[in-house]
Amino acid sequence: MTEHELRTCLDAAEKSPEMVASAVTGLDEAALGWKPAPDKWSILEVLAHLADVEIVYGYRVRQVIADKEPVFAPIDQEDWARHLHYDEASAAESVALYRANRLANLRLLKRVTPGQLDRAGFHPELKRKVTLAEWIERMASHGASHLAQIERLKQGYGEQAGGRKGRRAESA
Ligand code: NI
């Protein structure tokens, strides 16, 4: 990872919380809680996931920067969503936590030197080492991929709400 790539990743990571916040501004409970299928996440669950994964990233980058031979604890994101009650989370709180933890993590990452980017920890699920540079790349893209998911969910909710209204009009 070059200095320029590092800067680009950190910039993308910094913009994400505001983009997510503005994507969900004004959505009511029905829109936030709508799921395209029982086994798919709602926007509310995506927001809680973003908030929680930022805690995970925060711990993992701290391990890589500071620990001698770090090993990352695996997580199952579906188990976290279910057992940690993502469907009952507060959207506003999730967005605020995502923003606060992301900015705190970036404060640390902005002080990273090029020599630290190759520091790594063992990832038991991937069965290989993952470097600090890779975690920074993941942080840069994670929010964007879930933002696209949020936009798809908004569109899906809008289409089914419109379809319902259409059907009511027909039967009237
Ligand atoms: Ni994710």
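User: What does it take for two strands to pair, and how many bridges join strand 1 to strand 2 here?

Analyst: Two strands pair if DSSP finds at least two bridges between them. In this model, which is predicted, strand 1 (residues 120-123) and strand 2 (residues 128-131) run antiparallel and are joined by four bridges. As one of the pairings, A120 has T131 in strand 2 as its bridge partner. The two strands form a hairpin, with four residues between them.

User: Which residue in that turn has a positive phi, and is that residue buried or exposed?

Analyst: The residue is K127, whose phi is about 55° although K127 is not a glycine, and its place is the loop between strand 1 and strand 2. A residue with 12 or fewer other C-beta atoms within 10 Å is exposed, and because K127 has 7 C-beta neighbours inside 10 Å, it counts as exposed. Another case is H85, a residue other than glycine with a positive phi near 55°, which lies in the loop between helix 4 (77-83) and helix 5. H85 has 11 C-beta neighbours inside 10 Å and therefore counts as exposed.

User: How should I read the angle at which the axes of helix 1 and helix 5 cross?

Analyst: Angles over 145 degrees count as roughly antiparallel. The axes of helix 1 and helix 5 come within 10 Å and cross at roughly 170°, so these two helices are roughly antiparallel to each other. Where they meet, helix 1 contributes L10, A13, E14, S16, P17, V20, A21 and V24, while helix 5 contributes A91, V95, Y98, R99, R102, L106 and L109. Sorted by class, the contact has 11 nonpolar, one polar and three charged residues.

User: Is E93, whose place is in helix 5, buried or exposed?

Analyst: E93 is exposed, because 12 other C-beta atoms lie within 10 Å. As for its distance from L108, the two residues are 15 apart in sequence and 23 Å apart in space, C-alpha to C-alpha.

User: Which residues touch the most other members of the largest nonpolar core, and which elements give two or more residues to this core?

Analyst: The largest nonpolar core has 35 residues, among which I43, L44, L47 and I136 touch the most other members. Two or more residues come from each of helix 1 (3-24), helix 3 (43-66), helix 5 (91-109) and helix 6 (132-171), and helix 3 provides the largest share, 11 residues. When its neighbours within four places in sequence are left aside, I136 is in contact with L6, C9 and L109.

How values were computed. Residues numbered from 1 in each chain as written. Predicted model: local features only at pLDDT ≥ 70, side-chain atom pairs only at ≥ 80, totals over all residues. Core = buried A, V, L, I, M, F, W, Y, C linked by C-beta atoms within 7 Å. Buried ≥ 20, exposed ≤ 12 C-beta atoms within 10 Å, placed from the backbone. Contact = placed C-beta atoms within 7 Å. Axes fitted to C-alpha atoms, helices over the stretch in contact; angles between N-to-C directions. Parallel < 35°, antiparallel > 145°, perpendicular 65-115°, else oblique. Nonpolar A, V, L, I, M, F, W, Y, C, P; charged D, E, K, R; others polar.
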